[in-house]
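Work through the exercises below with the model open beside the text, and try each task before reading its solution.

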Amino acid sequence: MHKYRSLALWQRSHELLILTLRAVDEAYHPRSRALLDQIRRAVISIEANFVEGYALGSTPQFRRHLRIAVGSAAEAECLLRAAEELGYLGPEVVEDAAGKLNEILAMLFGLLRKPLPSKS
């Protein structure tokens, strides 16, 4: 079941998750609560959807969860930029996270471009 841990997509998603959660916890302020909580949820969703789809063992379900992860990655990128502009997160954290998000999105799109196995 833990085979997903050897995959680059999971590794990058997990790195992003840890980086972001640490940064958000350090930056926490009552005014930033809603935005930082949503960033937290979006980043968690990337890794969680990949793992959930992988565990289901069905190609259509896996692809569905990959698409959800793409949406969560786009959401995270957007919200991280807003948090930077508002001064809640430093530019170095956001740039590091953005680099990881670019890698993650490339891997997600690569997996989604692969053809479905034939049912012969």
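Helices are DSSP runs of H or I with at least four residues, and strands are runs of E with at least two, numbered from the N terminus. The model is a predicted one, in which local features need pLDDT of at least 70 and side-chain atom pairs count only at pLDDT 80 or more, whereas totals for chains, interfaces and linings use all residues. Residues are numbered from 1 along each chain as its sequence is written, and side-chain values use heavy atoms, with hydrogens and water left out.

**Exercise 1.** Which sign does the phi of glycine 87 take, and where does this residue lie relative to H3?

Solution. Glycine 87 is found just after H3, and its phi is positive, at about 85°.

**Exercise 2.** Compare the end-to-end reach of H3 and of H4 with the expected span, which is 1.5 Å times one less than the number of residues.

Solution. Take H3 to begin with: its 27 residues should span 39 Å at 1.5 Å a residue, and the end C-alpha atoms are 39 Å apart, so the two values agree. Then turn to H4 (residues 91–113), whose 23 residues reach 32 Å from the first C-alpha to the last, close to the 33 Å expected.

**Exercise 3.** Is serine 32 buried or exposed, and which residues does it touch?

Solution. Begin with its place, which is the loop between H1 and H2. Serine 32 counts as buried because its relative accessibility is 0%, where buried means under 20% relative accessible area, exposed over 50%, and partly exposed in between (1.4 Å probe, protein chains only). Leaving aside residues up to four places away in sequence, serine 32 touches Ala27 and Tyr88, contact being heavy atoms within 4.5 Å.

**Exercise 4.** Characterise glutamate 52 by its place, its accessibility and its distance from leucine 66.

Solution. Glutamate 52 sits in helix H2 (residues 33–56), and it counts as partly exposed because its relative accessibility is 43%. From leucine 66 it is separated by 14 residues in sequence and by 9.5 Å in space, C-alpha to C-alpha.

**Exercise 5.** How are H2 and H3 oriented with respect to each other, and what is the make-up of their contact?

Solution. Start from the axes, which are lines fitted to C-alpha atoms, for helices over the stretch in contact, with angles running from 0 to 180 degrees between N-to-C directions. The axes of H2 and H3 come within 8 Å and cross at roughly 160°. Angles under 35 degrees count as roughly parallel, over 145 as roughly antiparallel, 65 to 115 as roughly perpendicular and the rest as oblique; H2 and H3 are therefore roughly antiparallel. Their crossing is left-handed, a term for a near helix turned anticlockwise from the far one by less than a right angle, with clockwise giving right-handed. The contact of H2 with H3 has 19 nonpolar, 7 polar and 2 charged residues, where Ala, Val, Leu, Ile, Met, Phe, Trp, Tyr, Cys and Pro count as nonpolar, Asp, Glu, Lys and Arg as charged, and the others, Gly among them, as polar.

**Exercise 6.** Repeat the analysis for H3 and H4, and then look at the buried residues of H4.

Solution. The axes of H3 and H4 come within 10 Å and cross at roughly 160°, and the two helices are therefore roughly antiparallel. H3 passes H4 in a left-handed crossing, and by class their contact has 17 nonpolar, no polar and 6 charged residues. The buried residues of H4, among them Val94, Lys100 and Leu108, pack against helix H1 (8–27), H2 and helix H3 (59–85).
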